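Student: May we work through this chain by question and answer?

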Amino acid sequence: MSKIYKLQNVEDYIFCGLYYRFKHVLNFPYKPISANEVFVEAMKDAIFIIINQWGLKRKHPRIFIADAAEAFKEKFTKISTGCRETDKLVELYAQGLISINTVLGYIDITKDIVALFNYPIYTKCDDSFVESKIDLMVIRNDENRSKREYEFISFINDKTYKYIQNYDSIKVGLARNFIEDIDLKLEYPCNHRYMSYFGHPRIATKLSKSYLNIALQLLKNTISMIENQVYLPNSSKAKCNSCPFNKICDQKFVIKNLPDSWINSARKELNGH
């Protein structure tokens, strides 16, 4: 039976093999230390409330915006306790509330229809599959049927859109690949947008098949490393500074069979004992 890997887990390995091992193999306690990560995780909860109550339950904007702001506040407060960028937290907290309260500038609640939300898609990689998502698909509705269109949206955590412009998002690439495969079967025209949690939506430019081939090869290589229990550390000091495991990280954790004493000692340090 083919194994299914979640794209987020594979991307964790691409970030750093040791980070993947700490988080998904050893299941060490995890709290974000980066203000940007705190913001993104809180915005995910808020977006879920907005789409669920607007698109599926058809609630009044006054209700779903208030509920989304409350969900953002609760998640932000809960997971920010270990964050080391306290000054930046204040700025991002305010930015999040502003974004939530201006969401009606992007959606038309009287016409737009949510067709898909967190829809899983599967990409075959040799004998395995990688599960990613179509974050959102909206039918831009109009009384004139000829003007309707499908809009696919991928949420990303790239604050400046720098990497997405360089086609450096596997998630967007896999989504675009899926959209292009079904495009001819759709009743109305479609487009694909990516939306940063930090900013406004933009039209996703066409991704070349050569880029998609590179992304697929990267997925295959990463899955092979995971299956062979090879956990290579990253080579970037900047990544280490934003990693919640950096205070217990050591090259010795590259070893395949770790002594229980090492694991227990690291777990105690992360728990503050």
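The exchange below moves from the whole chain to its cores and then to single residues.

Tutor: This is a predicted model, in which local features need pLDDT of at least 70 and side-chain atom pairs count only at pLDDT 80 or more, while totals for chains, interfaces and linings use all residues. Residues are numbered from 1 along each chain as its sequence is written, and side-chain values use heavy atoms, with hydrogens and water left out.

Student: How many helices and strands does the chain have?

Tutor: Helices (H or I, at least four residues) and strands (E, at least two) are DSSP runs, numbered from the N terminus. On that basis the secondary structure comes to 10 helices and six strands.

Student: What percentage of the residues of the chain counts as buried?

Tutor: Buried means under 20% relative accessible area, exposed over 50%, and partly exposed in between, with a 1.4 Å probe and protein chains only. Of the 273 residues in the chain, the buried share is 42%.

Student: Which helix supplies the largest share of the largest nonpolar core?

Tutor: A nonpolar core is a set of buried Ala, Val, Leu, Ile, Met, Phe, Trp, Tyr and Cys residues joined through side-chain atoms within 4.5 Å. The largest one has 35 residues, and Phe39, Phe72, Phe76, Ile100, Leu136, Phe155 and Tyr197 touch the most other members. Elements that each supply at least two residues of this core include α4 (61–79), β2 (113–125) and β3 (128–140). The largest share, 12 residues, comes from α3.

Student: Which residues outside its sequence neighbourhood is Tyr197 in contact with?

Tutor: Contact means heavy atoms within 4.5 Å. With neighbours within four places in sequence left aside, the partners of Tyr197 are Phe39, Val40, Met43, Lys44, Ile47, Phe155, Ile156 and Asn157.

Student: Is Phe245 buried or exposed?

Tutor: Phe245 lies in the loop between α9 (237–241) and α10 (260–270). Beyond its neighbours within four places in sequence, Phe245 is in contact with residues including Tyr19, Phe22, Phe28 and Leu270. Because its relative accessible area is 0%, Phe245 is classed as buried.

Student: How far apart in space are Phe245 and Lys31?

Tutor: In sequence, Phe245 and Lys31 are 214 residues apart. In space, their C-alpha to C-alpha distance is 9.0 Å.

Student: How many disulfides does the structure hold?

Tutor: A disulfide is a pair of cysteine sulfur atoms within 2.5 Å. Cys83 is buried, with a relative accessible area of 9%, and Cys125 is buried at 3%. The number of disulfides in the structure is zero.
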